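Work through the exercises below with the sequence and the structure at hand. Each task is followed by a solution in steps.

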Amino acid sequence: MLKKILTAPFIFLVRVYQTVISPLTPATCRYTPTCSQYTVEALKKYGVFKGGWLAIKRIASCNPWGGSGYDPVP
């Protein structure tokens, strides 16, 4: 229960990004699922701290010198 309460604001922010900002920018994510989908899944599965850390690592690797392809939440 506490995990849901703590993650809800962060998931809300990602959902706002997905509906408001993301449609205005070109699709550039090199991974499947997208970085924002990955972030929501990681937050739901692991909570704010570990899920947030996984999301930060994923977003940091989403660049031309990083990886690409299918990369699900562990």
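**Exercise 1: Tyr 17 and its surroundings**

Tyr 17 is part of helix H1, which covers residues 2-21. The model is a predicted one.

Task: State whether Tyr 17 is buried, partly exposed or exposed, and find the nonpolar surface patch that includes Tyr 17.

Solution.
- Step 1. The relative accessible area of Tyr 17 is 36%. Buried means under 20% and exposed means over 50%, so Tyr 17 is partly exposed.
- Step 2. Tyr 17 helps make a nonpolar surface patch of about 660 Å². The other residues in this patch are Phe 10, Phe 12, Leu 13, Val 16, Val 20 and Ile 21.

**Exercise 2: Two helices**

Task: Work out how H1 and H2 are oriented to one another, and name residues where they meet.

Solution.
- Step 1. The two axes, of H1 and H2, come within 9 Å and cross at roughly 175°.
- Step 2. Angles over 145 degrees count as roughly antiparallel, so H1 is roughly antiparallel to H2.
- Step 3. On the H1 side, the residues that meet H2 include Leu 6, Phe 10, Val 14 and Tyr 17. On the H2 side, Thr 39, Val 40, Leu 43 and Tyr 46 are among them.
- Step 4. Thr 39, in helix H2, has a relative accessibility of 9% and therefore counts as buried. Setting aside residues up to four places away in sequence, Thr 39 touches Val 14, Ala 55 and Ile 59.

**Exercise 3: The salt bridge**

Task: Find how many salt bridges the whole structure has, and say which parts of the chain are tied together.

Solution.
- Step 1. A search of the whole structure gives one salt bridge.
- Step 2. The partners are the side chains of Asp 71 and Arg 58, at 3.7 Å from N to O.
- Step 3. Arg 58 belongs to helix H2 (residues 35-61) and Asp 71 to the segment after strand S2 (69-70), so the pair ties together parts 13 residues apart in sequence.
- Step 4. Asp 71 is partly exposed at 26% relative accessible area, whereas Arg 58 is buried at 3%.

**Exercise 4: Val 73**

Task: Describe where Val 73 lies and what Val 73 is in contact with.

Solution.
- Step 1. Val 73 sits in the segment after S2.
- Step 2. With a relative accessible area of 14%, Val 73 is buried.
- Step 3. Neighbours within four places in sequence are left aside; Val 73 is then in contact with Tyr 38, Glu 41, Ala 42, Lys 45 and Tyr 46.
- Step 4. From Val 73 to Pro 33 the separation is 40 residues in sequence and 9.0 Å in space, C-alpha to C-alpha.

Definitions and conventions: Residues are numbered from 1 along each chain as its sequence is written. This is a predicted model: local features need pLDDT of at least 70, side-chain atom pairs count only at pLDDT 80 or more; totals for chains, interfaces and linings use all residues. Side-chain values use heavy atoms; hydrogens and water are left out. A salt bridge is a side-chain nitrogen of Lys or Arg within 4 Å of a carboxyl oxygen of Asp or Glu. Helices (H or I, at least four residues) and strands (E, at least two) are DSSP runs, numbered from the N terminus. Buried means under 20% relative accessible area, exposed over 50%, partly exposed in between (1.4 Å probe, protein chains only). Patches are made of residues with over 30% relative accessible area and no salt bridge: like charges are joined within 9 Å, nonpolar side chains (Val, Leu, Ile, Met, Phe, Trp, Tyr) within 5 Å. Accessible areas come from the Shrake-Rupley method with a 1.4 Å probe; for residues, only the protein chains shown count as cover. Contact means heavy atoms within 4.5 Å. Axes are lines fitted to C-alpha atoms, for helices over the stretch in contact, and angles run from 0 to 180 degrees between N-to-C directions. Angles under 35 degrees count as roughly parallel, over 145 as roughly antiparallel, 65 to 115 as roughly perpendicular and the rest as oblique.
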